[in-house]
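Subject: Handing over the model, with notes

Dear colleague,

Please find the structure below, with the sequence alongside. My notes follow it, arranged so that each residue can be looked up as you read.

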Amino acid sequence: MFRAEHAAGTELGKSACAIISAGDLVADDIVNRAVVSRIARSDCANGFLLDGYPRTLPQARQFAALVNQRGLSVPIVIHLNVADDELVARLTARRQCPGCRRIYNLQFHPARVAGQCDVCHAPLQIRDDDSESVIRRRLLVYKELTGPILDWYGAPTVVTVDGGQPPPAVRSAVESAVLARNAAAKF
């Protein structure tokens with residue numbers, strides 16, 4: 001959401017992306033307002049996926065109040081459990097096209113021509129937040145602020161998936177967890 005705001009040239013997007021690039025978390029009140037605004041759109045009427053939200057206990061509490069207020073289903077929280085060194089290797093291998101914004105990964109989804117976007121042929125770039133030092137800082141922040149959310153939600157809301165598997169296996173495990181939750185919700 002913040003990258004889209006940044007691309008649109010909004011002040012919210014500019015300030016949020018500067019914070020993210022430094023490896024820090026955007027303030028809860030800003031994030032909560034952005035989420036409320038985004039899920040109010042018509043394309044979220046039948047459900048939505050939030051990636052990386054909530055990231056703090058205050059965000060989780062705010063989201064729980066929003067879910068309750070709007071009569072939404074209890075969320076399913078997918079925890080992708082991946083070793084820190086693996087995350088660093090994956091994220092430092094990420095590349096992005098500055099033109100069409102397509103994302104590549106040197107390990108899992110490389111461009112057909114090294115360093116060049118398959119779509120618009122622009123030279124690929126490394127995002128500021130994909131440096132090892134920023135990633136390691138984000139991991140520390142995650143453990144401090146985001147890790148406790150898993151305990152707060154607890155079982156059966158949290159489903160842990162081994163994120164160290166190849167991407168197709170991770171995708172399959174996530175889809176299975178969501179389908180199982182949806183099937184259980186129908187009874």
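Please keep in mind throughout that this is a predicted model.

I would begin with Gln-59, which sits in helix α4, a helix running over residues 57-70. With a relative accessibility of 2%, Gln-59 counts as buried, because the limit for that class is under 20%. Leaving aside residues up to four places away in sequence, Gln-59 touches Val-26, Asp-28, Val-31, Asn-32, Tyr-53 and Pro-54. Its side chain also reaches the backbone nitrogen of Arg-55, at 2.7 Å.

Two of those neighbours, Tyr-53 and Pro-54, deserve a separate look, since the peptide bond that joins Tyr-53 and Pro-54 is cis, with omega at about 0°. Pro-54 itself belongs to the loop between α3 (28-39) and α4. A cis peptide bond is also found between Ala-155 and Pro-156, again with omega of about 0°, and there Pro-156 lies in the loop between α6 and β4 (158-162). If you prepare the model for calculations, these are the two places where I would look at the omega values as given.

The next region is built around Gln-96, a residue of strand β2, which covers residues 94-96. Gln-96 has a relative accessibility of 9% and therefore counts as buried. Its contacts, again without residues up to four places away in sequence, are Arg-101, Arg-102, Ile-103, Leu-124, Gln-125 and Arg-127. The side chain of Gln-96 reaches the backbone oxygen of Arg-101 at 3.2 Å.

Arg-101 is a residue to check in its own right: it is not a glycine, yet it has a positive phi of about 70°. It is placed in the loop between β2 and β3, and with a relative accessible area of 43% Arg-101 is partly exposed. His-121 likewise has a positive phi, near 65°, in a residue other than glycine. That residue is located in the loop between β3 (103-105) and α6 (132-153), where a polar contact of 3.1 Å joins the side chains of His-121 and Gln-116. The C-alpha atom of His-121 is separated by 9.8 Å from that of Ala-111, ten residues away along the chain.

Gln-96 and Arg-101 come up once more in the second largest pocket, whose lining consists of Arg-3, His-6, Cys-17, Ser-21, Gln-96, Pro-98, Arg-101, Gln-125, Ile-126, Arg-127, Asp-128 and Asp-129. Two or more of the lining residues come from each of α1 (2-7) and α2 (11-21). The space in this pocket is about 240 Å³, and by class its lining has five charged, four polar and three nonpolar residues.

Helix α2 has a further feature that can be followed on the model, namely that Gly-13, Ala-16, Cys-17 and Ile-20 are buried in it. These residues cover an arc of only 100° around the axis, so they are on the same side of α2. The spacing can be understood from helix geometry: an α-helix has 3.6 residues a turn, so residues three or four places apart point the same way. What covers the buried residues of α2 includes α1 and α6. Cys-17 thus appears in two of these lists, as one of the buried residues of α2 and as one of the residues that line the second largest pocket.

Finally, two alanines are exposed. Ala-7, in helix α1, has a relative accessibility of 62% and so counts as exposed, the limit being over 50%. Its C-alpha atom and that of Leu-124 are 117 residues apart along the chain and are separated by 17 Å. Ala-83, in the loop between β1 (77-81) and α5 (84-92), counts as exposed because its relative accessibility is 52%. Between the C-alpha atoms of Ala-83 and Thr-160, which are 77 residues apart along the chain, the separation is 13 Å.

With best regards

Methods:
Residues numbered from 1 in each chain as written. Predicted model: local features only at pLDDT ≥ 70, side-chain atom pairs only at ≥ 80, totals over all residues. Heavy atoms only, no water. Helix = DSSP H or I, 4+ residues; strand = E, 2+ residues; numbered from the N terminus. Buried < 20%, exposed > 50% of the residue type's maximum accessible area, 1.4 Å probe, protein only. Polar contact = N/O pair within 3.5 Å; in protein donor to acceptor, adjacent residues only side chain to side chain. Contact = heavy atoms within 4.5 Å. 1 Å grid on protein atoms, 1.4 Å probe; cavity = no way out; pocket = protein on both sides within 12 Å on 5 of 7 lines; lining within 4 Å. Points joined across faces, edges and corners; volume = space filled by probe spheres on them. Nonpolar A, V, L, I, M, F, W, Y, C, P; charged D, E, K, R; others polar. Arc of directions from axis to C-beta.
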